[in-house]
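Trainee: Could you walk me through one part of this structure in detail? I'd like to take a close look at the sheet and whatever sits around it.

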Amino acid sequence: MDLKKGDIFFIERKTALGRFINWAQRLLSADGEAIYNHSGIIISDDGQTLESLDTVRSHDFVSRYRGLNALVARPLAPHKVKSDAVDKVVAVDFGKKYPWYRFLILVLPFFAKYIDNGRSVCSELTAKYLYYAGVRHEFYQGTTPDKLVDEASHWKNYNVFFEGVV
Ligand SMILES: [Ca+2]
């Protein structure tokens, strides 16, 4: 897979937690569909990720997600802008602990607008990067993976260049 620094990815996790997230996402989704329940950012051309797990950390995309269903999109912004945005989100968020209480946002997204101590769930982290990269609005609190997938699929400033099994 031809991954580039600044790409964003979405993963379908079929764990009990993943299925619960998708149930909640489907209720919230404008199109009634939700497949992907995890997301992150590609931070190097050799496919290293930045993702919010128990902490915000990095993995090799292909070896971590081999065999899982994924969607990968490239924001249509200048390389330098995306590269700077990646560096900024890495500098700000790397190593932060996962904000479990914010998990509520998946069921009660409006709560998220009032609770923010600077930590982000996976899709908020991705949305924050997209804001830095200039392809998305600033308000990233409460953003779900499915919302970003719907945007990447329908908005003009993304190229979805991979969808299938890693
Ligand atoms: Ca959807």
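Trainee: To get us going, which residue in E6 does Arg 74 stand opposite?

Mentor: Keep in mind that this is a predicted model. The residue you're after is Asn 159: that's what Arg 74 faces in E6. Now let's zoom out a bit. Strand E5 covers residues 69-75, and seven bridges tie E5 to E6, with the two strands running antiparallel.

That pair belongs to an open sheet of six strands. Read across, the order goes E4-E3-E2-E1-E5-E6, and the pairing is antiparallel. The edges are strand E4 (56-57) and strand E6 (158-165), each of which pairs on one side only. Helix H5, residues 122-132, packs on this sheet. H5 touches strand E1 (8-11), strand E2 (38-42), strand E3 (49-52), E4 and E5, and its direction makes about 35 degrees with that of E2.

Next comes helix H6, residues 145-154. Its buried residues are Pro 145, Asp 146, Leu 148, Val 149 and Ala 152. They sit on the same side of H6, because they cover an arc of only 160 degrees around the axis. As for what they pack against, the buried residues of H6 meet the strands E1, E2, E5 and E6, plus helix H1 (16-28) and H5.

Let's finish with the loop between E2 and E3, where you'll find Asp 45 and also Gln 48. Start with Asp 45. Asp 45 has 12 C-beta neighbours inside 10 Å, and 12 or fewer is the cut-off for exposed, so Asp 45 counts as exposed. Even so, leaving aside neighbours within four places in sequence, Asp 45 is in contact with Leu 3, Lys 4 and Lys 5. Asp 2 is worth a look here too: Asp 45 and Asp 2 are 43 residues apart in sequence, but their C-alpha atoms are 8.1 Å apart in space.

Gln 48 is another story. Gln 48 has 15 other C-beta atoms within 10 Å, so it comes out as partly exposed. If you skip residues up to four places away in sequence, Gln 48 touches Ile 43, Ser 58 and Asp 60. You can also check Gln 48 against Val 62: they are 14 residues apart in sequence and 8.7 Å apart in space, going C-alpha to C-alpha.

Key:
Residues are numbered from 1 along each chain as its sequence is written. This is a predicted model: local features need pLDDT of at least 70, side-chain atom pairs count only at pLDDT 80 or more; totals for chains, interfaces and linings use all residues. Two strands pair if DSSP finds at least two bridges between them. Helices (H or I, at least four residues) and strands (E, at least two) are DSSP runs, numbered from the N terminus. Two residues are in contact if their C-beta atoms, placed from the backbone, lie within 7 Å. Axes are lines fitted to C-alpha atoms, for helices over the stretch in contact, and angles run from 0 to 180 degrees between N-to-C directions. A residue is buried if 20 or more other C-beta atoms lie within 10 Å of its own, exposed if 12 or fewer, and partly exposed in between; C-beta atoms are placed from the backbone. The arc is that of the directions from the helix axis to the C-beta atoms.
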